[in-house]
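Colleague: I'm new to this one, so could you walk me through it? I'd like to know what each label rests on.

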Amino acid sequence: MNVVCDPAQLQRQCLAARREGRSIALVPTMGYLHAGHAALLDDARHRAEVLVASVFVNPVQFGPAEDLATYPRSFEADAALARDHGVDLLFAPDPEVMYAPDHDTWVEVPGLARGLCGASRPGHFRGVCTVVSKLLLLAQPDVAVFGQKDYQQLAVLRRMVRDLNFPVQVQGHPIIREPDGLALSSRNVYLSADERAQAPAIYAGLRLCQRLVREGQGSVGQVLAAFQEHLAVHAPLTQVEYDVIAHPESLEPLGDSARLAGAMHMLVAVRLGRTRLIDNLRLQD
Ligand code: AMP
């Protein structure tokens with residue numbers, strides 16, 4: 001495995017691979033890699049001859065009051081995991097080489113980025129779209145793999161790639177969970193023991209909602225009320241930031257009075273102490 005910190009060098013190496021006719025897969029991450037990232041790497045490994053992964057805590061996707069300074073990092077462990085999962089090129093740039101002091105070019109998908117996480121994290125998806133655009137132009141992959149854990153991010157990036165004609169296939173990968181259902185996240189290390197004990201209630205609540213929808217009784221509002229009730233009982237330390245049942249692609253929320261018909265995806269963000277956790281589940285195809 002080759003570790004590259006210089007964007008121009010990554011671009012040169014990827015261009016050379018392309019000229020030799022070798023296909024490239026890209027897995028962008030912010031590091032502190034866990035089994036969720038590993039699953040993305042394993043998936044991507046089978047899709048191309050050259051596997052590129054990036055570890056970059058992208059400062060422009062963090063708001064001023066967010067956890068950029070404390071975001072967990074462990075480069076040595078990340079490099080070992082990347083090597084074990086077949087990464088050929090590990091791109092680990094410093095922020096200074098990714099963003100010139102007068103960087104002033106941004107990529108936005110304002111409609112899809114407005115609601116859900118975008119509502120409480122203004123500018124977040126603009127930062128994500130900008131860095132992923134840069135990574136796609138540097139690595140020039142045939143395929144890029146992203147987790148469905150960040151469901152809105154995946155929808156935003158699919159739209160960006162379609163709208164701007166990036167020559168890449170965007171591949172979504174299912175959410176990897178702990179045995180008790182908690183979605184793996186680098187931010188789970190922030191949880192205290194009490195918070196960690198309550199965190200599985202988020203996925204259990206989503207599954208409860210999926211059952212209610214399958215039974216077909218009631219309305220969207222009643223299903224969302226059941227989710228909130230489930231958390232109030234089983235995870236009193238949580239605060240629901242949003243819980244939405246939306247169209248799986250447009251992410252357009254269904255109104256409370258909507259009937260339980262058609263394709264539905266549920267997305268939630270929950271605060272547990274100082275940690276913000278997100279999760280999502282297809283309720284009905
Ligand atoms: P991050 O390092 O959190 O920015 O995540 C990098 C990539 O890994 C993103 O595409 C995430 O959606 C994906 N990812 C993170 N956690 C998981 C998980 N538990 N299951 C599947 N994919 C994940």
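Modeller: Let's start with Asn165, which sits in the loop between helix H8 (151-163) and strand S6 (169-173). Helices (H or I, at least four residues) and strands (E, at least two) are DSSP runs, numbered from the N terminus. You're looking at a predicted model, where local features need pLDDT of at least 70, side-chain atom pairs count only at pLDDT 80 or more, and totals for chains, interfaces and linings use all residues. Residues are numbered from 1 along each chain as its sequence is written, and side-chain values use heavy atoms, with hydrogens and water left out.

Colleague: Why is Asn165 called exposed?

Modeller: Buried means under 20% relative accessible area, exposed over 50%, and partly exposed in between (1.4 Å probe, protein chains only). Asn165 has a relative accessible area of 62%, so exposed is the word for it.

Colleague: And what makes the phi of Asn165 worth a mention?

Modeller: Its sign. Most residues other than glycine have a negative phi. Asn165 is not a glycine, yet its phi is positive, near 55°. Tyr32 has a positive phi too, near 50°.

Colleague: Where is Tyr32, and why is it called partly exposed?

Modeller: Tyr32 lies in the loop between S2 and H2. Its relative accessible area is 27%, so it falls between the two cut-offs and counts as partly exposed. Trp106 ends up with that label as well, because its value is 29%. You'll find Trp106 in the loop between helix H4 (95-98) and helix H5 (110-114).

Colleague: On to the ligand. What makes a residue part of its surroundings?

Modeller: One of the residue's heavy atoms has to lie within 4 Å of the molecule. There are 17 such residues around the ligand, and the closest are His37, Gly147, Asp150, Ile176 and Leu184. Strand S2 (24-29), helix H2 (35-45) and strand S5 (143-147) each give at least two residues to the shell. H2 has the largest share, with three residues.

Colleague: How do you know that a pair such as the ligand and His37 makes a polar contact?

Modeller: A polar contact is a pair of N or O atoms within 3.5 Å; within protein, one must be able to donate a hydrogen and the other to accept it, and residues adjacent in sequence count only if both atoms are side-chain atoms. A ligand oxygen is 2.9 Å from an N or O atom in the side chain of His37, so the pair qualifies. The backbone joins in too: a polar backbone atom of Ile176 is 2.9 Å from a ligand nitrogen, and for a backbone N or O atom of Leu184 the distance to a ligand nitrogen is 2.8 Å. On its own the ligand exposes 490 Å², and the protein buries 93% of that.

Colleague: How do you know that there are zero disulfides?

Modeller: A disulfide is a pair of cysteine sulfur atoms within 2.5 Å. The structure holds none. For Cys129, the nearest cysteine sulfur is that of Cys117, 13 Å away, so Cys129 is in no disulfide. Cys129 is also buried, because its relative accessibility is 0%. Cys209 is in no disulfide either, with the sulfur of Cys117 its nearest at 17 Å.

Colleague: What makes you say that the length of H7 agrees with what's expected?

Modeller: The expected span is 1.5 Å times one less than the number of residues. H7 (residues 124-139) has 16 residues, so it should span 22 Å, and its end C-alpha atoms are 22 Å apart, which agrees. Of those 16 residues, 13 are buried. One residue that lies in H7 is Val132. It counts as buried because its relative accessible area is 6%. Right after H7 comes Gln140, with a positive phi near 45°.

Colleague: Last one: why is His265 called buried?

Modeller: His265 is at 4% relative accessibility, under the 20% cut-off, so buried it is. It belongs to strand S8 (residues 264-272). Its side chain has a polar contact of 3.0 Å with the side chain of Arg282. Ser219 is buried as well, because its relative accessible area is 16%. A polar atom of the Ser219 side chain lies 3.3 Å from the backbone oxygen of Asp256.

Conventions: Areas by Shrake-Rupley, 256 points an atom, 1.4 Å probe, with all protein chains shown as cover.
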